[in-house]
Amino acid sequence: MKLQDNPAQRAPLAGIRVVDFSTLLPGPMCSLLLAQAGAEVIKIERPGRGDEMRSYLPKFGQDSVNFALLNQGKRSVALDLKDPAAVQQAIALVRHADVLVEQFRPGVMDRLGLGYEALRGINPGLIYCAITGWGQHGPLADMAAHDLNYQAETGLMAVTAGADGAPVLPNVLAADLVGGAYPALMNILLALRARETSGLGCCIDVAMADNLFPLVYWGLGNGFAAGEWPTPGGDLVTGGTPRYQVYRTGDGRYLACAPLEQKFWENFLRVLEAPQLLNDSADPNGTREAIAAIIASRTADEWLQRFAGIDACVSVVKSLREAVETPHFRERGLFQAQITAGDGRQIPSLPLPIAPALRHSADRAAPALGEADPTSLAR
């Protein structure tokens, strides 16, 4: 079944105004999702330089491609928040806003006169979302950190370490996105729903580190309930079984093999022509070594042909470029929508997790710095 767009359901956040003080990734991704659902997003930036991400490479028009991807469909206002007059302009914008997103360290917005307690007095319905690494309170609240630090402090890196215990440098910004942007969006939507009944807004404390713990729910459960805390390379989904492994092929590529369930395991061994390995629990390490030797005897393409049509949960590890060009994702239209740079160049926009039926239909470019007049927007 192919789901169709329902024009009557488009732009569910039309009429919602978001004032976004955030920069770089977590906050801008959150407000991008809100904009894609129809909200009006006003991005507050420093005069002259703007969001630090504008200066990144490679360029896409005047700004970086990163900035273009994360800020399409927004409006930009340049305000020097060290200037009391500019702060008053920001307050005037917030007076008529539904949502505020900020990403400063705890206490910064309070010192500027833009904290929640000050703003809810002029706008009781304001939903104030503060995204930080460690949250608004706690011993680490003021400590500088990046995604790598959050993953280290929450045990995530240890869980994904190899059998020798050496952590692998994570290349996915899980804290910024899964710990920051997505929980911020979720809580903003919940707060908007709650406001329909109460008429009141609230302050949302999004701590990126806190929100990483659900990613290792199984480790928490095993540890709390049975005292069986994860060990390097020793658990079901971290390398402790030959049924959930990455194996190298004869041509130097890799197969991701996850035949966890018995029916998949039997199919897997049937393709490998290795029924003697069926009882893997008797000698997991020996089974893993035997499978590695078998898979190393053929190329990735040969294995793909052998596994074609077989339910065994086997995939070739693709490069990002190969993944983008996969027929499945092309048919689903993940990269059909385009964004346009000032010089007319076009690239695909991000395939955001918002259903097409709920997404704003217009493809809009990222804003030029300070393109909107804060005085006119405040009316």
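## Exercises on a predicted model

Arg306 sits in helix H12, residues 300-307. Helices (H or I, at least four residues) and strands (E, at least two) are DSSP runs, numbered from the N terminus. The model is predicted, so local features need pLDDT of at least 70 and side-chain atom pairs pLDDT 80 or more, while totals for chains, interfaces and linings use all residues. Residues are numbered from 1 along each chain as its sequence is written, and side-chain values use heavy atoms, without hydrogens and water.

**Exercise 1. Describe the surroundings of Arg306.**

Step 1. Classify its exposure. Buried means under 20% relative accessible area, exposed over 50%, and partly exposed in between (1.4 Å probe, protein chains only). Arg306 has 32% relative accessibility, so it counts as partly exposed.

Step 2. List its contacts, meaning heavy atoms within 4.5 Å. Neighbours within four places in sequence are set aside; Arg306 then touches Val271, Glu273 and Arg298.

Step 3. Look further off. The C-alpha atoms of Arg306 and Ala85 are 69 Å apart, with their positions 221 residues apart along the chain.

**Exercise 2. Place Phe335 and find its contacts.**

Step 1. Locate it. Phe335 lies in the loop between helix H14 (327-331) and strand S12 (338-340).

Step 2. Classify it. Phe335 is partly exposed, because its relative accessible area is 28%.

Step 3. Name the partners. Beyond four places in sequence, Phe335 is in contact with Val324, Pro348, Ser349 and Pro351.

Step 4. Check one distance. Cys202 is 133 residues from Phe335 along the chain, and their C-alpha atoms are separated by 36 Å.

**Exercise 3. Which residues form a nonpolar patch on the surface with Leu215?**

Step 1. Locate Leu215. The loop between strand S8 (202-207) and helix H9 (217-226) holds Leu215.

Step 2. Classify it. A relative accessible area of 39% is why Leu215 is partly exposed.

Step 3. Name the patch. Val178 and Tyr182 join Leu215, and together they have about 230 Å² of accessible area. Accessible areas come from the Shrake-Rupley method with a 1.4 Å probe; for residues, only the protein chains shown count as cover.

**Exercise 4. Summarise the whole protein.**

Step 1. Count the elements. The protein has 15 helices and 13 strands.

Step 2. Give its box. Along the principal axes, the C-alpha atoms fill roughly 75 × 50 × 40 Å.

Step 3. State the burial. Of the 379 residues, 41% are buried.

Step 4. Finish with contacts. Among those between residues at least 6 apart in sequence, 69% join residues at least 24 apart.

Definitions and conventions. Patch = residues over 30% accessible without salt bridge, like charges linked within 9 Å, V, L, I, M, F, W, Y side chains within 5 Å. Salt bridge = Lys/Arg side-chain N within 4 Å of Asp/Glu carboxyl O.
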